[in-house]
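Let's take a walk through this structure together, from the overall fold to its empty spaces and then to a few individual residues. Have your viewer ready and follow along.

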Amino acid sequence: MTSTLDAVVPLFALIVLGFVAGKFRWIDGAGVKTLVTFIFNIAMPALLFRLVVTSDVAGLIDLRFVFGYFSVLAAVALIGALLGWALLNQRGPELVIQGFGSCFPNTVLLGIPLMIALYGERGAVPVTMIFVFNVALYSLVTMLLEIVRKGDSRVRPVALVTTTLRAIIGNPIILAAIFGMIVGSLGFGLAPMLDETLSFIGQAGPPTALFALGASLGVREVARGLHGPLGAAGLMTVTKLAIHPALAWATAAALGLDAFLTAALVIVAALPVGANVYIFAQHYDVAVPEASSAVLISTAISMVTIPVLLSFIL
């Protein structure tokens with residue numbers, strides 16, 4: 001337990017520091033936006049490209065892990081939506097956001113730094129693969145929101161493919177992982193100078209991501225007070241932080257995953273609600289207060305639940 005806390009406490013301390021900095025305006029919204037741009041466009045792509053090129057991705061990721069991740073994701077999204085329908089009388093687009101927020105984790109800003117702190121560089125590989133695979137989830141959520149908002153149940157394959165390609169091309173982290181897999185599979189490797197440069201840049205990614213996560217919560221409107229029906233945000237938080245990791249743990253055991261992939265699956269499931277839930281809600285103007293409150297509440301509570309969970313699985 002002590003060694004786990006030694007690895008985890010500094011991570012959450014950075015989040016708290018970022019939150020305080022944002023709350024007291026030591027850093028403003030423009031500064032946070034610049035940090036996040038640096039993280040997503042430069043630091044994390046450099047880190048993940050290097051890791052994927054130099055790692056045995058095939059040896060760390062197998063089809064059981066991918067199947068386990070998406071089967072649990074689908075089950076938790078369905079549970080979240082059903083609970084929203086039964087307990088909160090949610091309908092249409094609200095149900096989509098409720099299900100999305102119940103299962104979608106904060107992989108980049110918290111998941112990757114946490115796995116690196118616990119397992120070193122190889123810990124980032126399964127989380128990176130999950131992030132890449134989540135492109136399919138973005139497309140599905142977009143399609144569902146379009147259907148329920150317009151009342152048109154016809155699925156347009158061209159539009160779905162276009163949305164998926166746009167999500168890939170517009171995301172430097174996904175592109176870095178894909179190009180890393182290509183370069184690694186071709187056996188080119190990295191020249192020592194390039195390897196050192198990417199390593200140096202990438203080292204800034206995890207700590208900056210944690211600080212930016214806290215700061216974004218501090219400067220965001222939700223940080224000045226929780227808004228909207230807290231029942232929806234609370235239900236989203238409980239589903240994400242309790243039901244999701246429990247199902248992930250049971251699924252990992254049923255699939256016979258090794259200790260490392262089991263930990264990766266459970267840790268990702270235990271992460272708080274990802275910021276993309278808030279972004280989708282804001283873009284479609286659906287359940288925005290509930291989504292933003294869920295991000296804040298789940299992130300705060302995860303500072304307690306994640307260390308407790310890690311004490312059992314590590």
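In the protein chain, 85% of the contacts with a separation of 6 or more are made by residues 24 or more positions apart. Keep in mind that this is a predicted model. The protein chain has 15 helices and 0 strands, so those contacts can be viewed against a helical background, with "helix" here meaning a DSSP run of at least four residues. Of the 314 residues of the protein chain, 51% count as buried. The accessible surface comes to about 13700 Å², and carbon and sulfur atoms hold 70% of that area.

Now let's turn to the empty spaces. Rolling a probe the size of a water molecule over the atoms shows where empty space is left. The largest pocket has a volume of about 1100 Å³. Its lining is made up of 36 residues, and those closest to the centre of the pocket are F40, N171, A275, N276 and I279. Which helix gives the most to this lining? That is α14, with 8 residues. The helices that each supply at least two lining residues are α2 (29-54), α6 (107-119), α7 (124-150), α8 (157-169), α11 (205-219) and α14 (275-284). If you colour the lining of the largest pocket by class, you will find 18 nonpolar, 15 polar and 3 charged residues.

A search of the whole structure also finds 1 cavity of 30 Å³ or more. About 30 Å³ of space lies in this largest cavity. The residues around the cavity are G68, Y69, V72, H244, A248, L265, V268 and A269. At least two of the lining residues come from each of α4 (63-88), α12 (230-255) and α13 (259-270). By class, the cavity lining has 6 nonpolar residues, 2 polar ones and no charged residues.

With the spaces mapped, we can look at some single residues. Start with N106, in the loop between α5 (93-103) and α6. Is N106 buried or exposed? It counts as buried, because its relative accessibility is 5% and the cut-off for buried is under 20%. A polar atom of the N106 side chain lies 3.3 Å from the backbone nitrogen of L109. Leaving aside neighbours within four places in sequence, N106 is in contact with G111, L213, L271, P272, V273 and G274.

Next, find R50 in helix α2, one of the helices that help line the largest pocket. At 13% relative accessibility, R50 also falls under the 20% limit and therefore counts as buried. Not counting residues up to four places away in sequence, R50 touches E121, L190, D195, L198 and S199. Among these partners, D195 is 145 residues from R50 along the chain, yet the C-alpha atoms of the two are separated by 6.9 Å.

Our last stop is E94, in helix α5. Its relative accessibility is 34%, so E94 counts as partly exposed. Here too you can trace a link across the sequence: E94 and L145 are 51 residues apart along the chain, while their C-alpha atoms are 9.1 Å apart in space.

Methods. Residues numbered from 1 in each chain as written. Predicted model: local features only at pLDDT ≥ 70, side-chain atom pairs only at ≥ 80, totals over all residues. Heavy atoms only, no water. 1 Å grid on protein atoms, 1.4 Å probe; cavity = no way out; pocket = protein on both sides within 12 Å on 5 of 7 lines; lining within 4 Å. Points joined across faces, edges and corners; volume = space filled by probe spheres on them. Nonpolar A, V, L, I, M, F, W, Y, C, P; charged D, E, K, R; others polar. Buried < 20%, exposed > 50% of the residue type's maximum accessible area, 1.4 Å probe, protein only. Polar contact = N/O pair within 3.5 Å; in protein donor to acceptor, adjacent residues only side chain to side chain. Contact = heavy atoms within 4.5 Å. Areas by Shrake-Rupley, 256 points an atom, 1.4 Å probe, with all protein chains shown as cover.
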